[in-house]
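Please walk me through this model in the viewer. Tell me what to select at each stop, and what is there.

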Amino acid sequence: MRKWTLLFALMIALLILPSHAEASMLEQGSTGEKVTELQETLHKLGYLPVSPTGYYGSMTEEAVRSFQSDFSLAPDGVAGPVTLQKSNNVTTMAHVVHGEARGESYEGQVAVAAVILNRVRDAGFPSNVDGVVFQRNAFTAVIDGQYYLTPDRTAYKAVKDAHLGWDPSYGSTYYYNPEIATSQWIFSRTPVTTIGNHLFAE
C-alpha cells in the first residue's frame, strides 16, 4: 500500500512541477525575478519604455520581439532559452564595456564590445561570450573586480551597436593602453587603430 501511495505522489509531483524547458521559457503572463532581469536588460537597451515590473505583459512581449529582430533571432515575442542566453550575453558584455572603457568615448566603448564579438568568431578563442570574457587573464576588469560594477545605459547601447555591425576596431581581437601596459607580449600584436587611450590590435 505504501509503495502505491509513493508512486501516486510522484506522479502528481511530475504533473505539477514545470519541465526544465518550461522553466526556461518566459512569455505573456510570466512573473518573477527572471522576468525582472530580462526587463532590466530590455529597458537599458531602449526596447522597454517603462521600468521593470516583474510581469511579462504585452509591452514586454513587444520589447522582446524588437530585441530578437535586432539580435538575429526569430521575433516571436517569447523569451525562450536562446533569447534568454542572448540577453545574458548582452549584460555580460555591458559589464566588460563599463568596467574597461567607461571613461572612453562612445566609439571606444563600442570598439571594446566589438572585440568581444570578434573573439567569439575567431577560432583562436572560446566560441561563446562567457568563455571569452572569463578566459584567464583576458580582461583587466574581470581581474580587478571592475567588471562587477553596475553598467550604465551607454554600455548597453554600445553592446547593441556592436551587435548591429558597427566595429570601430576594424576586426581587432586585442586592445590595450600602451601607456600602462606591462605585458611585453601584447606589444607584439599588429596595431590596427587607436581610439582614445586604447590601441586596438590583431
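Which residues do ring pairs link into a cluster? Select Tyr47, Phe67 and Phe71: ring pairs join these residues into a cluster. Keep in mind throughout that the model is predicted.

**Stop 1: an aromatic pair**

The count of aromatic pairs comes to ten. For one of them, select tyrosine 175 and phenylalanine 200. Their ring centres are 5.6 Å apart, and the planes make an angle of 35 degrees, a tilted pair. Now colour by secondary structure. Tyrosine 175 sits in strand 1 (residues 174–176), and phenylalanine 200 sits in strand 3 (residues 198–201), so the pair ties together parts that are 25 residues apart in sequence. Are tyrosine 175 and phenylalanine 200 buried or exposed? Both are buried.

**Stop 2: two helices crossing**

Select residues 81–101, which are helix 5, and residues 153–163, which are helix 9. Their axes come within 8 Å and cross at roughly 120 degrees. An angle in the range over 115 and up to 145 counts as oblique, so helix 5 is oblique to helix 9. The crossing of helix 5 past helix 9 is right-handed.

Next, show side chains. Which residues make the contact? From helix 5, pick Lys86, Val90, Thr91, Met93, Ala94, Val97 and His98. From helix 9, pick Ala155, Tyr156, Ala158, Val159 and His163. Colour this contact by residue type: eight are nonpolar, three are polar and one is charged.

**Stop 3: histidine 43**

Move to helix 3 (residues 33–45) and select histidine 43 there. Why does histidine 43 count as buried? Its relative accessible area is 16%, and buried means under 20%. Now look for its partners beyond four places in sequence. Histidine 43 is in contact with Leu48, Pro49, Val50, Ser51 and Arg153.

**Stop 4: glycine 57**

Last, select glycine 57. Where is glycine 57 placed? It is in the loop between helix 3 and helix 4 (58–70). Glycine 57 has 9% relative accessibility, so it counts as buried. Then add threonine 31 and draw a distance between the two C-alpha atoms. The viewer should give 9.3 Å, for residues that are 26 residues apart along the chain.

Definitions and conventions. Residues numbered from 1 in each chain as written. Predicted model: local features only at pLDDT ≥ 70, side-chain atom pairs only at ≥ 80, totals over all residues. Heavy atoms only, no water. Axes fitted to C-alpha atoms, helices over the stretch in contact; angles between N-to-C directions. Helix = DSSP H or I, 4+ residues; strand = E, 2+ residues; numbered from the N terminus. Parallel < 35°, antiparallel > 145°, perpendicular 65-115°, else oblique. Left-handed = near helix turned anticlockwise from the far one by under 90°. Contact = heavy atoms within 4.5 Å. Nonpolar A, V, L, I, M, F, W, Y, C, P; charged D, E, K, R; others polar. Buried < 20%, exposed > 50% of the residue type's maximum accessible area, 1.4 Å probe, protein only. Phe/Tyr/Trp six-rings, centres within 6.5 Å; stacked < 30°, edge-to-face > 60°.
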